[in-house]
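Student: Could you take me through a close look at one part of this model, and then place that part in its wider setting? I would like the terms spelled out as we go.

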Amino acid sequence: MTNRLIVVKDAKDWSGQPTFHPAFTYHAFGKDEVIRGYQGLCIMLTFNANTFDCFVEVTFDHRDTDADDVMAMMEHSLPKGFTQDKEAFLHALEYSAAKPPGALVNSYTKDDKEFATYFAVLSEDAAAAAYLDRMQKLSLWFIEGIVCSMPFLSSFHRCYEMLKLRFVDRTNEPEYKAFRLEVKRRLHSLHMEDLEAMGSADRRKGLLATLYEALEADYDRVLGRCGLLARPE
């Protein structure tokens, strides 16, 4: 099986944008990450960089009559409303707005590029809640294991974690611990060679703790500059 993913901003990105192979797919295909009954199976997921909508393309050379249902296996790992219609996806891509749901909180320009932060109360903004759900589905395909060479996805990791930290109750130890472990799993994958070179588990844990603390402090600085560090009443 070949499983590839690409994130595109417009139709021109389709052929020029690099793809990557997700390191872990157990969330879709089970702990053994096996799809039975195919020869030459290829799964291509294309995400809209503005909306996180997804186009799914499944091809194969041969399929047995009792082969696994690939789409059913992936359903819970894909955003709602995903499509297998390429023309429909391209049409939506052409007219999708770069502005996310919510209210503009802060914006700035650096190196001729515009950056902005938006805020929304998910319980009151259905579009924002759906946007977050689609973003989280994209994150499933790479957040735990991919050593990412794509700048967009590296930035996505940080934005996802930063915004999630924004709403983590740090006085709630189980909730806070779950967030720390999620981030540390990514850091472990990113720094795997350095960690494996260490002689003991205690030293590895110490390095992960140091990396996490530095990252959280950086996230807090950014959230503070945007006026988002304090939780809303």
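Tutor: Happy to, and one term comes before anything else: helices (H or I, at least four residues) and strands (E, at least two) are DSSP runs, numbered from the N terminus. The part I have picked is helix α5, which spans residues 126-140 and includes Lys 137. Asp 133 has its place in helix α5 too.

A word on the ground rules. This is a predicted model, in which local features need pLDDT of at least 70 and side-chain atom pairs count only at pLDDT 80 or more, while totals for chains, interfaces and linings use all residues. Residues are numbered from 1 along each chain as its sequence is written, and side-chain values use heavy atoms, with hydrogens and water left out.

Let's begin with Lys 137. Its relative accessible area is 16%, so Lys 137 is buried; the cut-offs are under 20% for buried, over 50% for exposed and partly exposed in between, with a 1.4 Å probe and protein chains only. Which residues does Lys 137 touch, not counting residues up to four places away in sequence? They are His 76, Ser 77, Leu 78 and Pro 79, where contact means heavy atoms within 4.5 Å.

Asp 133 makes a nice companion on the helix. Asp 133 counts as partly exposed because its relative accessible area is 23%. Along the chain, Asp 133 and Lys 80 are 53 residues apart, yet 8.3 Å separates their C-alpha atoms.

Two of the residues that Lys 137 touches, Leu 78 and Pro 79, also appear on the contact list of Cys 54, so let's move there next. Cys 54 belongs to strand β4, and it is buried because its relative accessible area is 2%. Leaving aside neighbours within four places in sequence, Cys 54 is in contact with Leu 45, Thr 46, Phe 47, Leu 78, Pro 79, Phe 82, Thr 83 and Phe 89. From C-alpha to C-alpha, Cys 54 and Gln 84 are 8.6 Å apart in space, with their positions 30 residues apart in sequence.

Strand β4 covers residues 54-59, and the loop between β3 (42-48) and β4 holds Phe 52. Phe 52 has a positive phi of about 65° although it is not a glycine. With 4% relative accessibility, Phe 52 counts as buried because of that low value.

Strand β3 is the place of Cys 42. Its contacts, not counting residues up to four places away in sequence, are Thr 2, Glu 57, Val 58 and Thr 59. One of these, Glu 57, is 15 residues from Cys 42 along the chain, and their C-alpha atoms are 8.1 Å apart. Cys 42 is partly exposed, with a relative accessible area of 25%.

Glu 33 offers another positive phi, about 50°, again in a residue that is not a glycine. Glu 33 sits in the loop between α2 (26-29) and β2 (38-39), and with a relative accessible area of 28% it is partly exposed.

Now for the wider setting. The protein chain has nine helices and seven strands. Its domain assignment gives domain 1 (1-148) and domain 2 (152-226); such bounds come from an automatic or database domain assignment. The C-alpha centres of domain 1 and domain 2 lie 23 Å apart.

For a look at another helix, take α7 (residues 173-190), which contains Ala 178. Ala 178 is partly exposed, at 44% relative accessibility. Ala 178 and Val 168 are 10 residues apart in sequence, and 9.7 Å lies between their C-alpha atoms.

Finally, the chain as a whole. A compact globule of 233 residues would have a radius of gyration near 17 Å, and the 19 Å of the protein chain agrees with that; the radius is taken over C-alpha atoms, and the globule rule is 2.2 Å times the number of residues to the power 0.38. Along the principal axes, the C-alpha atoms fill a box of roughly 55 × 50 × 35 Å. Buried residues make up 36% of the 233 residues. Among contacts between residues at least 6 apart in sequence, 62% join residues at least 24 apart.
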